[in-house]
Amino acid sequence: MTIDQILLQGAAVFLTLCIFSFLYKDNPFYKFAERLVAGIATGYWTMLLFHTNFVPVVWNRLAHDHRFIYLIPTFLGLLMWTRFSKNWSWISRYSIAFYIGISSGISIPLALYAGLFRQLEATIRFPVTLDAAGLYSFLIIVGVLAALVYFFFSAAHKGAMGGLSRLGIYVIMIGFGAGFGLTVMGRIALLVQRIIFIRGYITSLLGIGG
Amino acid sequence: MKREIPLMIVTVTGIIMFVQYFIPSNFSEDVFTFLQDWVMIIGILSLPLGIWSLVKANTQKLKVPDERFYSAVLLIGFLVMVVSGWMPDWRSKGIHLALFQNVLIPIQSTIFSLLAFFVASAAYRAFRARSVLATILLLTAFIIMFRLIPTGPFADINNWLVEKILTIPNMAAKRAIAMGLALGAAATAIKIILGIERTYMGRD
Amino acid sequence: MKFLEKMMQIDRRWIYLAIFLAVIIPAIIPFTVPMSVSPEVKKIYDFVEGLGPNDYLFVAMDYDPSSLAELNPMAEAILKHAFLNDRKVVIVTLSQFGPGMVEEITTRLAGEYNRIRGEDYVFLGYRPYPAITIMLMGTDFRVPFPQDYYGVPLDSLPMMRGIKNFNNVKGVIDLTAGNTADMWITYGNARYNFPLAIGITGVMAADYYQYLQSGQIFGIIPGVKGAAEYERLIDKPGQGMQQASYQVVAHSVIILFIILSNVAYFATRGQKSKLGGAR
């Protein structure tokens, strides 16, 4: 390892340990690392936004390409800054309305198509036959129906509907159990990666193989 | 004027974008691209609002004795990244990238790695088979977790069980939730376009 | 019984210490773990393997350092696979801290596999508002990205000549830890109908099987285990397989914790109900 690698990665290990110290209790080292990352992250994003978003998408179009139609959205974007004024913040509603209206309009057909129609079609598409695949199709139809009935609160969960709703909550609990099992793997992975990083630094520093 | 014109803008643009989806023509596609491009520009120019708020709040905290040091750390980190972001090749070398790789990445990933400890603690303290439903959840989680542990002759059965759990009951439950979310999203969007939902405008 | 009652009230910091020791063990005593491959990961492998010499792969690396542990291994495995087979890759990131990580991975792997930026792969860069960016890319990549991440106009990149939008790529693989997967499914696949696969964290993995069954996505790489499976398929062990032994020990410890806490719970509950009955 070179000197600057030793120093930079050493700083990374130190900051990692500062964050881990929170597990014992809140302390100045943790607070220091927390505030440092907030500042670094904000500064990073500021320059990223400026160089790779504002310059090519806004500045170049106006200053180099002379596409002055883009003055209108630029003006609308600058109107958002009136939010900092108590008397003039209402002006920013025009820009917000533009964004909200467009996003809402496009989301209606796409959300319904992707989230509802395709899912409904997939639930009933596969035939219920007297074999394993057919059994799975039947279980899927019953499971989806039961879970939907559980979330339907406009009618009392009594009688047949109550029974289906009860089955629905069992199905949902299986789903949440599956989610929890996979969540444990995900969270452990985050910790393991840090341990592997610290181990790698120590072994490199000491010149130990592996 | 303060509320009526924005409501009109929302309704008109919302209906245009909704109707545009059902009209397969080059003009319709051009309108779509044109409006989305404008929204991107508005968005890019409004993102620095958050940055300004953070910098302003921490500059004010410099006057508070207990917060002074930590706010100074934040502001110095911010300034160093902004200044180093003007150097040539800031994207691929130099202090800007070095700070990103040796400060931001380690700290952010370590903050989230704390969740591993919290999930273990939560599993120990709260994950008890108090009822039938809790037992179902617990047993399912066990089967899924055992997939990562070599169980010798039981590995094939376990893998088969995991595949069936994920693709039948888990999928059914998540499908029902996804369908509900899609209906909710569409309903909220319709309410916004019709002017029933106005929380985005804030208060006068 | 007092011991079991004490176990139920144990300070959480002892649990933290146990987990910490559990993940230290494989660091000191490494061991390998047998790995089976799930069908949803195999489908993504087969897709990348089946790309032709003139086919483009689109990879969206929509994650930040908080999920680097799970998603970096799969990003590396997919890029290695594409570069090994000499396939062209278009890369984008819709995560605000993604560019630095994408830059590091692509530069390193391009050096290892002698890939040239602009000819073999392109990194478009970052844009905010994923839904809008995806829809604009569906019209023309040049609308949201007139230049690549390094400021080079797309039209001057040899690889980008002749490709306009998603109609010109064979498929999209989205690696994400947030709701960007939903955006790609809703605003990308639903509108432009391109083949889409996702690589996601363990937390999210159980939530996307309905899209796999409906055909809206053709594959899932679920968390670090999925990454390890992909590494096994391309025969290039990496960070995913390296994590497997740690996962075994940590999972064993957590399962033991849960069993212990339930034993303590039922034993003390039985004792309490006996005492309550006696009164």
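Student: Why are α6(A) and α10(C) called roughly perpendicular to each other?

Tutor: Helix α6 (159-206) of chain A and helix α10 (residues 223-234) of chain C pack at about 75 degrees, with axes 7 Å apart. Axes are lines fitted to C-alpha atoms, for helices over the stretch in contact, and angles run from 0 to 180 degrees between N-to-C directions. Under 35 degrees is roughly parallel, over 145 roughly antiparallel, 65 to 115 roughly perpendicular, the rest oblique. The two helices are therefore roughly perpendicular.

Student: What kind of model is this?

Tutor: The model is predicted: local features need pLDDT of at least 70 and side-chain atom pairs pLDDT 80 or more, while totals for chains, interfaces and linings use all residues. Residues are numbered from 1 along each chain as its sequence is written, chains are lettered from A and ligands numbered from 1 in the order written.

Student: Which residues make the contact of α6(A) with α10(C)?

Tutor: Leu182(A), Met185(A), Gly186(A) and Ala189(A) meet Gly223(C), Val224(C) and Lys225(C). A contact means C-beta atoms, placed from the backbone, within 7 Å. The classes are 4 nonpolar, 2 polar and 1 charged. Ala, Val, Leu, Ile, Met, Phe, Trp, Tyr, Cys and Pro count as nonpolar, Asp, Glu, Lys and Arg as charged, the others, Gly among them, as polar.

Student: How many residues do chains C and A bring to their contact?

Tutor: Chain C brings 42 residues and chain A brings 33. On the chain C side, α11(C) gives the most, with 7 residues. That side divides into 22 nonpolar, 15 polar and 5 charged.

Student: What does the contact of chain A with chain B take from each chain?

Tutor: It takes 92 residues from chain A and 96 from chain B. The chain A side has 63 nonpolar, 23 polar and 6 charged residues.

Student: How do you know that the span of α5(B) agrees with its number of residues?

Tutor: Helix α5 of chain B has 32 residues (95-126). The expected span is 1.5 Å times one less than the number of residues. That gives 46 Å, and the end C-alpha atoms are 45 Å apart, which agrees.

Student: Where does α5(B) bend?

Tutor: At Leu104(B), by about 30 degrees, with Pro106(B) following within four residues. The bend is the angle between axes fitted to the seven residues ending there and the seven starting there.

Student: What makes β3 and β6 of chain C edge strands?

Tutor: Each pairs on one side only. Pairing needs at least two DSSP bridges between the strands. The open sheet has 6 strands in the order β3-β2-β1-β4-β5-β6, paired in parallel. The twist averages 15 degrees from one strand to the next. β1(C) and β2(C) pair over 5 bridges, and Ala60(C) has Val92(C) as its bridge partner.

Student: Which strands does α4(C) lie across?

Tutor: β1, β2, β4, β5 and β6 of chain C, at about 155 degrees to β4(C).

Terms used:
Two residues are in contact if their C-beta atoms, placed from the backbone, lie within 7 Å.
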